[in-house]
Amino acid sequence: MGELSGLKADLAQIVRLALAEQTEDVRLFAARLVRKYRNTEPELAEQVDLFLRAKPHRAGAPLRKAVAPMPPGQALPVDDESRLSLLKVFNDSSDREAPMLSAELEESLGQLIQERKQMARLAALGLTPTRSAIFVGQPGVGKTLTARWLAAQLDVPLYVLDLTAVMSSLLGRSGSNLRAALDFAKRSPCVLLLDEIDAIAKRRSDDSDVGELKRLVTVILQEVDEWPATGLLLAATNHPELIDPALWRRFDLVVEFKVPKSAAIKEAIKRFLGPDSALFGRWIDVLTFAFRGQSFSDIEREIQRFRRAVALGTTPDADLIEEFIKARALSLDRQGRIDMAVLLAKQTRLSQHSISDITGVSRDTIRKYTTCEPTVVPKKRRHEA
Ligand SMILES: Nc1ncnc2c1ncn2[C@@H]1O[C@H](COP(=O)(O)OP(=O)(O)O)[C@@H](O)[C@H]1O
Ligand SMILES: [Mg+2]
């Protein structure tokens with residue numbers, strides 16, 4: 001209720017300012033609305049923000065002009081045919097939670113942010129900040145998430161250009177669509193992410209429109225070279241091997257995202273469990289083991305599933321975890337399954353019988369590994385043998 005009356009008051013206020021033709025006040029008020037509704041009404045905030053950006057500030061301009069049809073080239077670019085916006089917009093607030101990053105990543109992205117915050121210092125020495133970077137890594141490791149976070153840290157919007165969408169716009173027009181999107185992004189400070197940039201390369205190998213695709217690559221090559229330092233151009237790919245080497249070389253920075261290692265997996269499990277951490281506490285080590293090799297988004301999806309099941313009371317936590325580990329054990333080699341069995345024997349109260357059932361390791365083997373410590377043969381001697 002309180003929210004609704006707040007909205008009504010805001011609506012009345014904007015009408016009042018508009019009728020008084022106080023254009024600049026309308027802009028200021030609209031900007032305040034974007035901040036106010038960013039968390040509670042993200043779509044509304046995004047829409048208002050787009051209107052603001054599409055109509056740059058012009059001192060003293062009467063409001064009538066502001067609501068007149070947008071001059072071509074000012075609005076967010078759309079594909080002529082589908083009328084779909086080619087750019088997705090994110091306006092995240094800078095207090096959003098940071099993605100989980102390795103120490104290396106944290107350092108290089110930290111520098112990227114500092115370069116932007118201290119542009120004057122760099123400029124005094126004739127230096128420009130990093131203008132472009134390419135994010136490499138398998139799906140679900142945080143490339144897109146990190147782009148959002150970076151833009152939020154820099155206090156600029158993130159525009160995401162999905163190259164698959166550009167490509168699916170009629171060939172012959174994809175070049176002009178791409179240019180429209182890039183030109184738009186160059187006009188105001190922002191981070192532009194060319195997501196799944198390998199889409200271009202992939203199409204090139206199995207398509208007859210080779211000429212058109214080559215032109216697209218050329219457009220991007222030029223843009224990477226000429227990108228203004230007021231903006232940051234990012235690209236992301238799961239298939240670095242498909243990227244044209246000439247394009248690859250042009251990025252100022254290559255950022256490699258890896259699947260998490262044990263410590264990061266454990267941290268991710270706790271983070272995604274949130275308030276249910278205590279409930280699943282006794283399973284965390286076992287889960288850390290079971291999630292080896294998985295991406296952050298795989299871990300998140302699985303943990304969400306556990307939490308939903310427990311919240312609904314459909315399955316007890318022990319059953320959920322057992323079932324999950326059983327499925328994961330199938331993808332392990334024999335030593336991996338033995339390691340898992342030993343861990344289960346040490347960390348849980350499961351019987352040897354259930355552990356054997358879950359991991360497929362015989363009870364004899366489990367006993368052998370858990371009752372007496374396995375004799376460790378020094379590496380050197382093993383080679384000699
Ligand atoms: N490093 C990370 N830290 C926290 N959450 C992550 C991370 N990587 C992925 N996730 C989770 O997985 C989801 C998908 O990640 P995303 O950034 O889209 O992956 P990518 O772009 O690398 O395919 C995110 O929205 C987030 O919930
Ligand atoms: Mg992505």
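Is Glu196 buried, exposed or partly exposed? In this predicted model, Glu196 has a relative accessibility of 33%, so it counts as partly exposed. That value falls between the under 20% cut-off for buried and the over 50% cut-off for exposed. Glu196 sits in the loop that leads from strand 4 (191–195) to helix 10. Its backbone is worth a look too: phi is positive, at about 50°, although Glu196 is not a glycine.

**Another positive phi**

Asp155 is a non-glycine residue with a positive phi, near 65°. You will find Asp155 in the loop between helix 7 and strand 3 (158–162). With a relative accessibility of 65%, Asp155 counts as exposed.

**The strands**

Let us start with strand 2, which covers residues 132–136 and has five of its five residues buried. Neither face is left open: Ser132, Ile134 and Val136 are buried on one side, and Ala133 and Phe135 are buried on the other. Strand 2 has a parallel partner in strand 5 (residues 232–237), with five bridges between them. Strand 2 also runs parallel to strand 6 (residues 253–256), and here four bridges make the connection. Ile134 is a handy residue to follow by eye, as it stands opposite Ala235 in strand 5 and has Val254 as its bridge partner in strand 6.

Strand 3 is mostly covered as well, with four of its five residues buried. Strand 3 is joined to strand 1 (residues 87–90) by four bridges, and these two run antiparallel. Leu161 in strand 3 is the bridge partner of Leu87. With strand 4, strand 3 pairs in the parallel sense over five bridges. In that pairing, Tyr159 has Leu192 of strand 4 as its bridge partner.

**Around ligand 1**

Now to the ligand. The shell around ligand 1 holds 14 residues, and the closest are Met100, Gly140, Lys143, Thr144 and Glu300. By class, seven residues of the shell are nonpolar, five are polar and two are charged. The table lists some N or O distances between protein and ligand, with the kind of atom on each side.

| Residue | Protein atom | Ligand 1 atom | Distance |
|---|---|---|---|
| Met100 | backbone N or O | nitrogen | 2.7 Å |
| Val141 | backbone N or O | oxygen | 3.3 Å |
| Thr144 | polar side-chain atom | oxygen | 2.8 Å |

On its own, ligand 1 has 550 Å² of accessible area, and the protein covers 79% of it. Two elements give two or more residues to the shell, namely helix 7 (143–154) and helix 16 (296–312).

Where does ligand 1 lie relative to domain 2 and domain 3? Both domain 2 (87–256) and domain 3 (262–371) give residues to the shell, so ligand 1 lies between them.

**Acidic residues in and beside helices**

Asp198 belongs to helix 10 (residues 198–205). Its relative accessibility is 1%, so Asp198 counts as buried. What does the side chain of Asp198 contact? There is a polar contact with the side chain of Thr237, at 2.4 Å.

Glu212 is placed in helix 11 (residues 210–226). Its relative accessible area is 9%, and because buried means under 20%, Glu212 is buried. Glu212 and Ser174 lie 38 residues apart in sequence, and their C-alpha atoms are 8.2 Å apart in space.

Asp244 is found in the loop between strand 5 and helix 12 (245–250). A polar atom of the Asp244 side chain lies 3.0 Å from the backbone nitrogen of Ala246. Asp244 can also be placed relative to Leu221: the two are 23 residues apart along the chain, with 9.8 Å between their C-alpha atoms.

**Where to look**

If you are turning the model on screen, ligand 1 between domain 2 and domain 3 is one place to begin. From there you could move to strand 2 with its five buried residues, and then to Asp198, which is buried and whose side chain contacts that of Thr237.

Technical notes:
Residues are numbered from 1 along each chain as its sequence is written. Chains are lettered from A and ligands numbered from 1 in the order in which they are written. This is a predicted model: local features need pLDDT of at least 70, side-chain atom pairs count only at pLDDT 80 or more; totals for chains, interfaces and linings use all residues. Side-chain values use heavy atoms; hydrogens and water are left out. Buried means under 20% relative accessible area, exposed over 50%, partly exposed in between (1.4 Å probe, protein chains only). Two strands pair if DSSP finds at least two bridges between them. A residue is near a molecule or strand if one of its heavy atoms lies within 4 Å of it. A polar contact is a pair of N or O atoms within 3.5 Å; within protein, one must be able to donate a hydrogen and the other to accept it, and residues adjacent in sequence count only if both atoms are side-chain atoms. Accessible areas come from the Shrake-Rupley method with a 1.4 Å probe; for residues, only the protein chains shown count as cover. Ala, Val, Leu, Ile, Met, Phe, Trp, Tyr, Cys and Pro count as nonpolar, Asp, Glu, Lys and Arg as charged, and the others, Gly among them, as polar. Domain bounds come from an automatic or database domain assignment.
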